[in-house]
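Thanks for coming. I have one structure to walk through today, and I will take it piece by piece.

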Amino acid sequence: MSQLNGLLEQVELQDLNTLHVGSVARYYFEARDAEGLQSALEWASGKGVRVLILGGGSNLVFDGNFEGLVIRICIRARYWQDLCDSEATLVLGAGENWHDAVLYAAGAGYRGIENLALIPGTAGAAPVQNIGAYGVELCDTLVSVSALDRRSGAMVELTNDDCRFAYRDSLFKEVPGRYVITDIRLRLSRTKPLQLGYKDLEEYLGDKANPECQVMDVVEAVMAIRRRKLPDPATLPNAGSFFKNPVVDASEYDRLRALFPGIVGYPQSQGVKLAAAWLIDQSGWKGFRNARVGVHNRQALVLINHSNGTGADILALAAEIRASVKAKFGVELEMEPGVVS
């Protein structure tokens, strides 16, 4: 294939990633349907160039220019199917804005993803990271995804089990680049109990945290809490939570608690999940700024690009933070965003 209609060259990606890091794509294409996606991948294969699949750009760090083809997923679709009694399946094209989809579902009275309001990015990127917040993860409602299998060239449907979901992990991270998601299906309910056990939600809702609480009450609470704690990428560039909350076994947690009585941990089936924000804060990084990048002064998990920093600036700061936490607590922090170089 020698031509690809809609192909652009030398495209600046600074406005297409929430860290607002400058990076130039050698080639750029917007896929608006599965056929366009397949055509772009065939073109790249024929030219022998690397491919980067781009959604909302909210979970990656560009470390330099990209000498390949950036395919931005712009597949739009949003509709209901399999309506039955109080349940329905919400189908979302991979290019749909995630937060808009949460508002759409809650506005229709359906529950299941309201705790995930205001998470930046697209619907197609949500399963990759198995996004989660306030006691809820995407895997709790996801039925299946449609995806292009780049190994076989065929469209496939992957069930929830097929996706191998774990904390901030999935099949799509295990075999990066193999599958390109084109749409997702979520099973939502009008009667499912709301998940209000997370401390911040309980405190914010107060007397509203009772059986009369409505789904939009939860959406509004989550939005208010996130806005209070997290900067808007449109005004202060960031990639959201930059580090995963590390999980340690019970004996390691006991050791840490003996040394640091105030340590924050949440029991899990695999051990104890530590609050990475607390570890970073206690290591002295909260509110830190150098000439270009820094750590948010209200949420230590968020690295900010306040003065036109580069990807290298962000990664250097992340490396310093990880080394500091390791030295103080003996705990390894893992970055959430992917690095593109």
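**Loops, strands and a pocket**

Let me start with Asn-130, which sits in the loop between helix H3 (126-129) and strand S8 (132-133). When I say helix or strand, I mean a DSSP run, with at least four residues of H or I for a helix and at least two of E for a strand, numbered from the N terminus. Asn-130 has a relative accessible area of 0%, so it is buried. Buried here means under 20% relative accessible area, exposed means over 50%, and partly exposed is in between, with a 1.4 Å probe and protein chains only. The phi angle of Asn-130 is near 50°, a positive value in a residue other than glycine.

A word on the source. The model is predicted, so local features need pLDDT of at least 70 and side-chain atom pairs count only at pLDDT 80 or more, while totals for chains, interfaces and linings use all residues. Residues are numbered from 1 along each chain as its sequence is written, and side-chain values use heavy atoms, with hydrogens and water left out.

Now to another loop, the one between S6 and S7, where we find Asp-85. Its phi is also positive, near 50°, and it is not a glycine. Is Asp-85 buried or exposed? Asp-85 is exposed, because its relative accessible area is 80%.

Next along the chain is Ser-86, in the loop between strand S6 (78-84) and strand S7 (87-93). Ser-86 has 21% relative accessibility, so it counts as partly exposed. What does Ser-86 contact, leaving aside neighbours within four places in sequence? The answer is Tyr-110, Leu-188, Ser-189, Arg-190 and Thr-191, where contact means heavy atoms within 4.5 Å. For Tyr-110, the C-alpha atom is 8.5 Å from that of Ser-86, with the two positions 24 residues apart along the chain. With Thr-191, the side chain of Ser-86 makes a polar contact of 3.3 Å. A polar contact is a pair of N or O atoms within 3.5 Å; within protein, one must be able to donate a hydrogen and the other to accept it, and residues adjacent in sequence count only if both atoms are side-chain atoms.

From that loop we move into strand S7, which holds Leu-90. Leu-90 is buried, because its relative accessible area is 0%. Not counting residues up to four places away in sequence, Leu-90 touches a list of residues including Trp-80, Ala-101, Tyr-104, Ile-184 and Leu-188. The C-alpha atoms of Leu-90 and Tyr-104 are separated by 9.8 Å, and the two residues are 14 apart along the chain.

Thr-141 is in the loop between strand S9 (136-137) and strand S10 (142-149). At 4% relative accessibility, Thr-141 is buried. Beyond its neighbours within four places in sequence, Thr-141 is in contact with residues among them Gly-112, Ile-113, Arg-185 and Lys-192.

On to the cysteines. A disulfide is a covalent bond between the sulfur atoms of two cysteines. How many disulfides does a search of the whole structure find? It finds zero, the test being a pair of cysteine sulfur atoms within 2.5 Å. Why does Cys-163 have no bond to its closest cysteine sulfur? That sulfur is in Cys-139, 9.7 Å from the sulfur of Cys-163, so it is too far for a bond. Cys-163 is buried at 0% relative accessibility, whereas Cys-84 is partly exposed at 38%.

Last, the second largest pocket, with a volume of about 660 Å³. On a 1 Å grid over the protein atoms alone, a pocket is an open set of points where a 1.4 Å probe fits, with protein on both sides within 12 Å along at least five of seven lines, and lining residues have an atom within 4 Å of a point. The lining has 30 residues, and Thr-18, Asn-97, Pro-120, Gly-121 and Pro-233 lie nearest the centre. Strand S5 (66-73), helix H2 (98-107), helix H6 (215-229) and strand S13 (238-241) each give two or more residues to this lining.

Strand S13 also holds Asn-238, which is buried at 3% relative accessibility. The side chain of Asn-238 reaches the backbone oxygen of Leu-236 at 2.9 Å. Its contacts outside four places in sequence include Thr-18 and Pro-233, two of the residues nearest the pocket centre.

Definitions and conventions. Points joined across faces, edges and corners; volume = space filled by probe spheres on them.
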